[in-house]
Amino acid sequence: MSSSNAEIQPMEDIERQHRKAENLRRRTGRFRVLIIGRANAGKTTILQRVCNTTEKPKIFSRKGYEIDLSKLNPTAQRGEHDIENEMIFKSNTAFVFHDSRGFEAGRASELDKVKDFVQKHSTNKRLKENLHVIWYCIPINDEVRPITSAELNFFAECGTGKVPVIVLFTKADMLDAQTMEQLVNAGMDVEEAAIKAPEESLARFQQKFGQQLYEKKYPPKGHVYFRDMQNPTSDCSELLRKTAATLSDDTILQLFLTVQRNHVSLSIEYAIRRVIDPHWKLFKRKREWKETVRKILSYFPHMVCETYLTIQL
């Protein structure tokens, strides 16, 4: 390949990915997430932060009917739960969540349900039914046995193909008290121990327990620690950043970046990475920079109409 073709090829790839992403958004418009984890792992709180809301999600059956859980007794609610049900927040209906509640029981039937769901939604020819990422919540407030056998079995037995799995270690702040006490007993003053405890507790956990998952046959693509999620000002920016980093298909990445609306800086970062050539130079012609800006804006189309009209002037 000539040097001139080598320089042109990246822009051709970008344009092709741009067309694919536009087609995917037009045909689906939704980013599908399977969230797995024990009861009280903080799953709902995390989803609320991702969608920038405090509201409860609406639940829809696989046939599209809304399920009103308030009219069901607790036993019926448990029976009504189905991994195929869709959880949607009114604040951002482009995110579709599926919940695998009850998985912590460790029964083979529960693991089989997850396997079947992942298989079905990762190979489905209907693009709007495809699963894009799995978030696995593990609360680590149990200092003795933070990771259960059921969780280890998932990463030992459940291959997810091209669907990346990210582990969400929740309630990490619960480890700080013990770590702080150990630092004080080792001779550190209380104020300094309070400052160092959060970082030290995560380092100790990662060294003692965190690597277990990466030693399994189907390890996660990454992990994120969550602390103080009960604080309304807490956010999920690190989870969004980690999710973006695991999406190798640029078409799916663009879909994710346009669906998440809380961190425009993340969209800008990836737009610049994907669109501007590393050896870029100042544009000599107005047409060149207008086209580049158009491509960058494709990563957050909710801004395109108004901003692109301004560019045209």
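**Exercise 1. Getting a feel for the chain**

Among contacts in the protein chain between residues at least 6 apart in sequence, what percentage join residues at least 24 apart? Work that out, then describe the chain as a whole.

*Solution.* Start with a caution: this is a predicted model. Now the contacts: 70% of those between residues at least 6 apart in sequence join residues at least 24 apart. Next, list the parts: the secondary structure comes to twelve helices and eight strands. Then look at burial: of the 313 residues in the protein chain, 42% are buried. Finish with the outside, where the accessible surface comes to about 17,600 Å² and carbon and sulfur atoms account for 51% of that.

**Exercise 2. A strand and its neighbours**

Find out how strand β6 (residues 133-139) is covered and which strands it pairs with.

*Solution.* Step one is to count: seven of the seven residues in β6 are buried, so the strand counts as mostly covered. Step two is to sort them by direction. Val-133, Trp-135, Cys-137 and Pro-139 point one way, while Ile-134, Tyr-136 and Ile-138 point the other way. That fits a general rule: in a regular strand the side chains alternate between the two faces of the sheet.

Step three is pairing. Strand β1 (residues 31-37) runs parallel to β6 and is joined to it by five bridges, with Val-33 standing opposite Val-133. Strand β7 (residues 165-170) also pairs with β6 in the parallel sense, over six bridges; here Ile-134 has Val-165 as its bridge partner. To close, add helix α5 (residues 149-157): β6, α5 and β7 make a right-handed β-α-β unit.

**Exercise 3. Into the core**

Pick out the residues with the most contacts inside the largest nonpolar core, then follow Trp-135 to its neighbours.

*Solution.* The largest nonpolar core has 39 residues, and the ones with the most contacts inside it are Phe-31, Ile-46, Val-50, Phe-95, Phe-97, Trp-135 and Leu-239. Helix α9 (residues 250-259) gives this core its largest share, six residues. A second, separate core holds 27 residues, including Leu-34, Ile-138, Val-163 and Phe-169.

Now for Trp-135. Leaving out residues up to four places away in sequence, Trp-135 touches, among others, Val-33, Leu-47, Val-50, Phe-97, Ile-166, Leu-239 and Thr-243.

**Exercise 4. Two helices, two kinds of burial**

Decide how helix α2 (residues 43-50) is buried, and do the same for helix α6 (residues 176-185).

*Solution.* Take α2 first. Its buried residues are Lys-43, Ile-46, Leu-47, Gln-48, Arg-49 and Val-50. That is six of eight, so α2 is largely enclosed by the rest of the structure. The cover over these buried residues includes β1, β4 (86-89), β5 (92-99), β6, β7 and α8 (237-246). After α2 comes Asn-52, with a positive phi near 55°.

Now α6. Here Asp-176, Thr-179 and Leu-183 are buried. Why do they lie on the same side of α6? Because they cover an arc of only 65° around the axis. On the face turned away from this buried side sit the exposed residues Ala-177, Glu-181 and Asn-185. What do the buried residues of α6 pack against? The answer is α7 (190-208). Just after α6, Gly-187 takes a positive phi of about 110°.

Terms used
Residues are numbered from 1 along each chain as its sequence is written. This is a predicted model: local features need pLDDT of at least 70, side-chain atom pairs count only at pLDDT 80 or more; totals for chains, interfaces and linings use all residues. Side-chain values use heavy atoms; hydrogens and water are left out. A nonpolar core is a set of buried Ala, Val, Leu, Ile, Met, Phe, Trp, Tyr and Cys residues joined through side-chain atoms within 4.5 Å. Buried means under 20% relative accessible area, exposed over 50%, partly exposed in between (1.4 Å probe, protein chains only). Helices (H or I, at least four residues) and strands (E, at least two) are DSSP runs, numbered from the N terminus. Contact means heavy atoms within 4.5 Å. Two strands pair if DSSP finds at least two bridges between them. A crossover is right-handed if, with the strands pointing away from the viewer, the path from the first strand over the helix to the second runs clockwise. The arc is that of the directions from the helix axis to the C-beta atoms. Accessible areas come from the Shrake-Rupley method with a 1.4 Å probe; for residues, only the protein chains shown count as cover.
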